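Please open the model in your viewer and keep the sequence panel beside it. The stops below are meant to be selected one after another.

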Amino acid sequence: MRHLKKKVNLNEVKASFQQSGYTDWHLNMSGEDHHEEGDLDVKTAPPEFKVPPLYMVVLLNDDYTPMDFVIEILQDFFAMNLDQATQVMLTVHYEGKGIAGVYPRDIAETKANQVNNYARSQGHPLLCQIEPKQ
Ligand code: TYC
C-alpha cells in the first residue's frame, strides 16, 4: 500500500500540542514575549564556534626502527589501514619526516608521547614530535 502524505496545518498541530498540556520551552506559542513581574532581562551571548589551533603529529626517520614497527604504530595509534600506513611509513623513510595525523594540541601531544613511550618500551629509537599546522 502506498503511503499518502496527509497535509497538516501548523496551527492545528500547535493547538493540539497546547491542549495536550506539555510544555516545550523552545516553542513560543503566543508569538509574543511573555513578561511577568520580577522577570529579569537576560541577553544570551551568541555561540562561538572557533576551530582550535591544529597540530601535526610528525614521525621522523631513523636508521634502526623496523619498517613493520612503524606501520604497526600508524595503524594502532592513528587508525590507518595497511595501505595508508605503508604509504606514510615510506614517505618518512624516503623524505625524512611525514604526517601521522592532525589534531588539537592536547590530543596531538598525547599521541606523540604515547608513540615515543611505546617505541622506547620496545627498544626502538623512533621519534614522534608535534608541529603547528599553518
Ligand atoms: N628508515 C627505517 C628503516 O629503514 C624505517 C623507518 C621509517 C624508521 C619511518 C622510522 O619514522 C620511521 N628501517
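The tour goes from the whole chain to one helix and then to the ligand.

This is a predicted model, in which local features need pLDDT of at least 70 and side-chain atom pairs count only at pLDDT 80 or more, while totals for chains, interfaces and linings use all residues. Residues are numbered from 1 along each chain as its sequence is written.

Begin with the whole chain coloured by secondary structure, where four helices and three strands follow one another in the pattern α-β-α-α-β-α-β; helices (H or I, at least four residues) and strands (E, at least two) are DSSP runs, numbered from the N terminus.

Next select helix 2, residues 67-78, whose twelve residues reach 16 Å from first C-alpha to last, close to the 16 Å expected at 1.5 Å a residue, the expected span being 1.5 Å times one less than the number of residues. Within helix 2, show Val70, Ile73 and Leu74, its buried residues (buried: 20 or more other C-beta atoms, placed from the backbone, within 10 Å of the residue's own). Seen down the axis of helix 2, these buried residues fall within an arc of 95°, so they line one face of the helix; the arc is that of the directions from the helix axis to the C-beta atoms. Just past helix 2, select Ala79, which has a positive phi near 50°.

Finally, centre on the ligand, where Leu59, Thr65, Val70, Val92 and His93 come nearest among the 13 residues around it (near: C-beta atom, placed from the backbone, within 6 Å). Helix 3 gives the largest share of this shell, three residues.

Technical notes: Buried ≥ 20, exposed ≤ 12 C-beta atoms within 10 Å, placed from the backbone.
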